[in-house]
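Subject: Structure for your review

Dear colleague,

Please find below the sequence and structure that I am handing over to you. My findings follow directly after them.

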Amino acid sequence: MNSSFNESDTRRNITEAMCFHSDPMSTKIVRAAVYCVIIIASLFGNSVVIFVVLRNRSMRRTVNYFIVNMSIADLLVTITYMPRVVSLWFAGYVWQVDGLTGLVFCKIACFNEVAILVAIFTIIAISIDRFLAVVFPLRRGLITIPICQTMIGFMWLAAIAAAFSEFYAIELRTFNGDIYCYLDLDYFFGEGSSKAYFNFIIIGFFAIPFTAIIILYSGIIAVLLKRRRIPGDASAVDDAQKRRREETKKKVLKMVMAVVGTFVICWLLYFIHFILYSYGITLPCDVMFVRLLLAHFHCAFSPFIYGFYNGNYRRGVLSFIPSTRATQVMTTHVRSNVHRVRPTFPENPAVNEGFD
């Protein structure tokens, strides 16, 4: 059931509600076309990441499961929220569906926040996983597959719990005959709840996690630099295997840092808007467009990061193309013959712990 805007709400919401509605049709079409490309790229790229990892047993490792979890979160954003954004460019913030159906779609939009929080938790988990792999290279995986799967389950439960207040408080409201999907935490939980909630989100789920990530990667870099300065590492690992292990770790580390860096850049403005919104501060319409574009561009761009840094992923993608399968089979056969005459080294689980 719809309710009316309070007078205290009107000034802030009218400013945002007017965004995009009166834009020239050419601008609307260009923005919608850009978003259609982002949606298609995100659906295809993230689906391929999931399929490639689950299809190849050699890639079923902790860091890859975390990456699959991020791809699932990106797909959730793509499916539950991006179509709404396409309609945003044409009709502004006016909600297009009334009644129970409109309320259901309004609440489904909250899964966008769930997916964002899951992505943040996953980035933290990947950072911890890389830290342990670099700092304790000779120990068998400290984060095992069962532990990894349990962590992923807790990520989703924690994200749903954190976003539940939004799911509960969001509703359809009517102003001047138009329907809006509107979140009013102060109305449901008391005055000041909105400011407290969004401060909690930006500090608890953005500032603190990424401060921890900076600390973890600083520790990783310090360890790598220390090992480079000490010629005789204390381990008894053969030099050839040692070089291979270090090269693999560096490649995976570069990929993970690229994933973390792009996430921060693309989602920073989105989180800043949380704080400004809680204080009743509205952003210009063009900034609102950039805010959404950057955030959702990340969903489509992440799979290309994996492909750039990861040979196994690229080979997995090529396996979808029939004309390349015969070549891959022949290459695999040649490699297997080469491996028969190569000296083998004792396998260290930390060597292949990455996406490559």
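A search of the whole structure, which is a predicted model, turns up one disulfide. The partners are Cys 106 and Cys 181, whose sulfur atoms are 1.9 Å apart. The link between Cys 106 and Cys 181 is right-handed, with 80° about the S-S bond. Because Cys 106 belongs to helix α5 (residues 99–108) and Cys 181 to strand β3 (residues 178–183), the pair ties together parts that lie 75 residues apart in sequence. For background, a disulfide is a covalent bond between the sulfur atoms of two cysteines.

The two partners may also be described by their exposure. Cys 106 is buried, with a relative accessible area of 0%, whereas Cys 181 is partly exposed, at 22%. Cys 110, by contrast, is in no disulfide; its nearest cysteine sulfur belongs to Cys 106 and is 6.8 Å away. Cys 110 counts as buried, at 5% relative accessibility.

I turn next to the aromatic residues. The count comes to 18 aromatic pairs. One of them joins Phe 164 and Tyr 168, which are stacked at 6.4 Å centre to centre, with 25° between the planes. Phe 164 and Tyr 168 are four residues apart in helix α7 (residues 145–169), so about one helical turn separates them. Tyr 168 is partly exposed, with a relative accessible area of 45%. Another pair, Tyr 197 and Phe 198, is edge-to-face, at 5.3 Å centre to centre and with 70° between the planes. Both Tyr 197 and Phe 198 are buried. In addition, Phe 206, Phe 210, Phe 263, Trp 267, Tyr 270 and Phe 271 form one aromatic cluster.

Phe 271 appears again in the largest nonpolar core: of its 94 residues, Trp 89 and Phe 271 touch the most other members. Leaving aside residues up to four places away in sequence, Trp 89 touches several residues, including Phe 20, Tyr 35, Phe 289 and Leu 292. The charged end of Arg 31 sits over the ring of Trp 89, 5.9 Å from its centre. Similarly, Arg 173 lies over the face of Tyr 187, at 5.2 Å from the ring centre.

Lastly, a word on confidence. The chain has an average pLDDT of 77, and 76% of the residues score at least 70. Over residues 1–5 the pLDDT stays under 50, as it does over residues 324–356. For residues 324–356 the model has 56 contacts beyond four places in sequence.

Yours sincerely

Methods. Residues are numbered from 1 along each chain as its sequence is written. This is a predicted model: local features need pLDDT of at least 70, side-chain atom pairs count only at pLDDT 80 or more; totals for chains, interfaces and linings use all residues. Side-chain values use heavy atoms; hydrogens and water are left out. Rings of Phe, Tyr and Trp (its six-membered ring) pair if their centres lie within 6.5 Å; planes under 30 degrees apart count as stacked, over 60 as edge-to-face and the rest as tilted. Helices (H or I, at least four residues) and strands (E, at least two) are DSSP runs, numbered from the N terminus. Buried means under 20% relative accessible area, exposed over 50%, partly exposed in between (1.4 Å probe, protein chains only). A charge sits over a ring if NZ of Lys or CZ of Arg is within 6 Å of the ring centre and within 35 degrees of the ring normal. A nonpolar core is a set of buried Ala, Val, Leu, Ile, Met, Phe, Trp, Tyr and Cys residues joined through side-chain atoms within 4.5 Å. Contact means heavy atoms within 4.5 Å. pLDDT is the predictor's confidence in each residue, from 0 to 100. A disulfide is a pair of cysteine sulfur atoms within 2.5 Å.
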